[in-house]
Number of protein chains: 4
Amino acid sequence: MSEADEQERAPEKETGRLEAFSDGVMAVIITLMAIDLKAPTGGGFSDLGRTVPGLLVYVLSFGFVGIYWNNHHHLLRATVHISGAVMWFNLHLLLWLSLIPLVTAWMAAHWRDHAPTASYAVVALGSAVAFTLLQKAIIRADGPASRIAEALGSNRKGQVSLVVYVAAIGLALVNPVISDVAFVAVALLWFVPDRRLDAWR
Amino acid sequence: MSEADEQERAPEKETGRLEAFSDGVMAVIITLMAIDLKAPTGGGFSDLGRTVPGLLVYVLSFGFVGIYWNNHHHLLRATVHISGAVMWFNLHLLLWLSLIPLVTAWMAAHWRDHAPTASYAVVALGSAVAFTLLQKAIIRADGPASRIAEALGSNRKGQVSLVVYVAAIGLALVNPVISDVAFVAVALLWFVPDRRLDAWR
Amino acid sequence: MSEADEQERAPEKETGRLEAFSDGVMAVIITLMAIDLKAPTGGGFSDLGRTVPGLLVYVLSFGFVGIYWNNHHHLLRATVHISGAVMWFNLHLLLWLSLIPLVTAWMAAHWRDHAPTASYAVVALGSAVAFTLLQKAIIRADGPASRIAEALGSNRKGQVSLVVYVAAIGLALVNPVISDVAFVAVALLWFVPDRRLDAWR
Amino acid sequence: MSEADEQERAPEKETGRLEAFSDGVMAVIITLMAIDLKAPTGGGFSDLGRTVPGLLVYVLSFGFVGIYWNNHHHLLRATVHISGAVMWFNLHLLLWLSLIPLVTAWMAAHWRDHAPTASYAVVALGSAVAFTLLQKAIIRADGPASRIAEALGSNRKGQVSLVVYVAAIGLALVNPVISDVAFVAVALLWFVPDRRLDAWR
C-alpha cells in the first residue's frame, strides 16, 4: 500500500472507530435494560399489570440513552480531530451511561423509595457532566476557531439538564415522583428539534 | 484536514452511523433472546424435549427480528438524507423491537395462555407501525420525488402485516395457537423475495 | 447529493452492512457465553477448580465461533454482490451460531452425559451446513466465473468438518469424550493457515 | 463492479472488519460487567452501601478494558497488513479479555479472599501477554522497517505491566489489597498520555 493510500484512508478513520465503539456500548446498554424486564411469572393479564412500573422506567431510560446516542452522533459529526483526552472523556461518559441499567432495575423494583430515585438522578447528573467534559475536550482538540466551538457557543439545554438533575437528587429525598417528572421533562426538552445542531446536517 | 476532505467524507456518514447503531441494537436483541433459552437442568434427552416450545418461539422471534433487520437494511440503502425526525422514529422502532425478547420469554414459558400471545401481537403491531412511521419520515426527509418515495409507492406487505397483527391480538383471546399461525404466516410472507426492493441492489 | 455521489458510495456498502450485523451478532454470541461462566460461589481455590470443565468448554466454543468469524470474514472479503438469498442464508448461519451458548452451557454442566454432547454436535453440524449453503448462495450471486467460485473450487476442510460432526452425533451416544476430541480436532484443522484463503489478502 | 472499484475498496477493508469485531466484543464485555452489578434487593441507602465494593471493582475493570480498547485502537491505526496470524492473536487477546467479567464478578463478591484476586491477576497477565503477542504478529506482517515496528521499538509500559501482574499473582496470596493497589497503579500508568502513540494521530 502506498503512502498516498494511507493518506486517503486517514479522514475516514479519525472519528470512525470512536463512534463504532461508542455505538456498540450504547447499543448493548439500551438492550441490556430490557433483560432486567423479567417476563411475568404467571400467564395472565394481571401478571402483565405488575410489570407496568418496570416498563415505564425502561421507556424513560431507553429515551435517556437514546438522547445521548443522538447528541453523541451530532457532536462527533462536527468533530475533526480526536486527541488522547477525547478518548478518555468518551470512555468516562460511557462509564456513567453503563450504570443506567443498574439504577433502572433498582428504580423499577422500588420506585416509591428515596434511594433508587436519588441514585438515578446521580447517574443522570454524572452522564450530563461527562458529556459536557467530552464537548470541552473536543473543542480543545479542534481549536477555538473550529466549527464545533462556534456551534456549541451557547449550550443552554445542557446547562438546564445539569441544574434539573442536581435538583432531582434533592427532590428524590422529599418525593421520588417529583424527580420522575423532572426526568421526563428533561427528556422531552431534548426531543424538541435543535436548530443549532440540525444546521450541520 | 481541508474543506474538501470533509466534503468527501460526508456522503459516507449520512446514514452510516444510524445503520451501525441500529445493527448493534438488533444484533444484541437477536442474541439476547438466546439467553432466555436456559440450558435444561438435567442431562438427558427428555430434558431437551421440554425446551422445544421455547426453541420454536425463539426461532419465530429470530426470524421476526431478522426480517426487520433485512427491511431496515434495504430501506436505508435507498435513503439519502437523515433528519432529526428520522433519528427519533428509528429509535422508536428499536424500542418496540427491544421488547421482543421479553414477550418471547413470556410466550415460551406460557404458550397456552392468552395474555402472553396477545402481548406478543401487540409488540409485533407496535413494531410494524413504527416501521411504517420511519418510512414516512424518510420520505418526508428525502422528498416526494426521491427514489425511496417512488419505490415504496405501494407497500402491500406492510399493510397486510398490520391487519394480521391487529387480528392476532383479538384471536389470542380466543385461541393463542391461531395467533401463532398468523405470526408464522406473516414471517413467511416476508421471506418471499420482494422484486421492488431487489431492484435497488 | 448528486447521482455521482451515490454511485461512489455503492461499492463500500454492498457487503458492508451484512458484515457489520454479522460481526455484531458473533461478538455478542462469543461474549454471552462468558456470562454462563458463573463466578464460583465460594472464595477459595477449590471453588475455582470446579469451574475448570466449564472453562474448557467455553474455550472450545470461543474457538468455534472465532473460526466462523474468521471464515466469514474471508468469505465476504471475496464477495462482490449480495442477493436477497445471501441475506437469508447469512441469517440462517447466525441462527445456528446463536444456539452455541445454549449447548455450551448445557455441556459445561453435564459434560459426562450423552444428550448435551450430541446436541452440541447437532448445532455444530447445523452451523457447518449453514456456512456451506451461504457459500453456494454467494457463488450463485457472483456467478461461476467469479473470484470466489474459483477460490472455493475445492473446499476440503468444510467437507471434512461436516463428516466429523455427523460422526460426533453418533459417537456422543457411545462416549461423549470421543466427540469432545473430535470437536477439538476440527477446531485445530481450521487453525492451520489456509493458503487458498490467504492468497486473497 | 470493475476491477478498479475493488482495488479502491481494498485499503478501507484491510483492518476495518478486525477492528469492528474487536470493538463489538470489547463493547459487550465492558457492558456485560454492569449486569453482574445486581440492583440492591432493598430500597434504602444502606442497601446501596453494600454495592460499593462491587462498584469499585467494576470501575477498575471498566478502566482495564477501556485501556485495552484504547491501545488496540492505536495499534491498529498504525497497522497496514493483516495476516492470518494477526487474526488469531487478536482472537486470543479477546478470549483473555472476555474472562474479565468472570473474575470481576468473583472479586466483587469475595474481595477479601486470595483466590479471586489471584485469578484476576492471572487474567490481567494473560491479556497483557496476548497484547504483546498481537503486537509482534503485526510487526511480523508489516515488516521490521514499517511505521509500527519503529513506533513500538521500546515498549516500556507494556513490560512494566507484565512484571507488575506477575507480582500481583503472588502478592494476592499474601494480601489481596496489595494486588488491588497494583492493578490501580498499572491502570493509572496507562492513563498518562503516551507521546509515542499520540504522534501517530
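Is D:W88 buried, exposed or partly exposed? In this predicted model, D:W88 has 19 other C-beta atoms within 10 Å, so the residue counts as partly exposed. A buried residue would need 20 or more such atoms, and an exposed one would have 12 or fewer.

D:W88 lies in helix α4 of chain D, which covers residues 84–98. D:L32 stands 56 residues away from D:W88 along the chain, and the C-alpha atoms of the two are separated by 23 Å.

**Chain D and its copies**

Chain D can be superposed on chain C with an RMSD of 0.0 Å, by a turn of 90 degrees and a shift of 0.0 Å along the axis. The two copies are therefore related as by a four-fold rotation axis. The C-alpha of chain D nearest to this axis belongs to D:G24, at 4.2 Å. The contact residues of chain D recur in chain C to 12%, and the copies use different surfaces.

Chain D can also be laid on chain A, with an RMSD of 0.0 Å, a turn of 90 degrees and a shift of 0.0 Å along the axis. Here, too, D:G24 is the residue of chain D that comes closest to the rotation axis, with its C-alpha at 4.2 Å. Only 12% of the interface residues of chain D are also interface residues in chain A, so these copies meet through different surfaces.

**The two sides of chain D**

On one side, 32 residues of chain D are in contact with 32 residues of chain A. The elements giving two or more residues to this side are α1 (3–36), α2 (45–49) and α3 (52–77) of chain D. The largest contribution comes from α1(D), with 12 residues.

On the other side, 32 residues of chain D are in contact with 32 residues of chain C. At least two residues each are supplied here by α1, α4, α5 (100–109) and α6 (114–142) of chain D. Again α1(D) gives the most, with 13 residues.

The table lists the residues of each side by class.

| Side of chain D | Nonpolar | Polar | Charged |
|---|---|---|---|
| Touching chain A | 18 residues | seven residues | seven residues |
| Touching chain C | 20 residues | five residues | seven residues |

Helix α4 of chain D, where D:W88 has its place, is thus among the elements listed for the side that touches chain C.

How values were computed: Residues are numbered from 1 along each chain as its sequence is written. Chains are lettered from A and ligands numbered from 1 in the order in which they are written. This is a predicted model: local features need pLDDT of at least 70, side-chain atom pairs count only at pLDDT 80 or more; totals for chains, interfaces and linings use all residues. Copies are superposed by least squares on the C-alpha atoms of residues with pLDDT of at least 70 in both. Two residues are in contact if their C-beta atoms, placed from the backbone, lie within 7 Å. Helices (H or I, at least four residues) and strands (E, at least two) are DSSP runs, numbered from the N terminus. Ala, Val, Leu, Ile, Met, Phe, Trp, Tyr, Cys and Pro count as nonpolar, Asp, Glu, Lys and Arg as charged, and the others, Gly among them, as polar.
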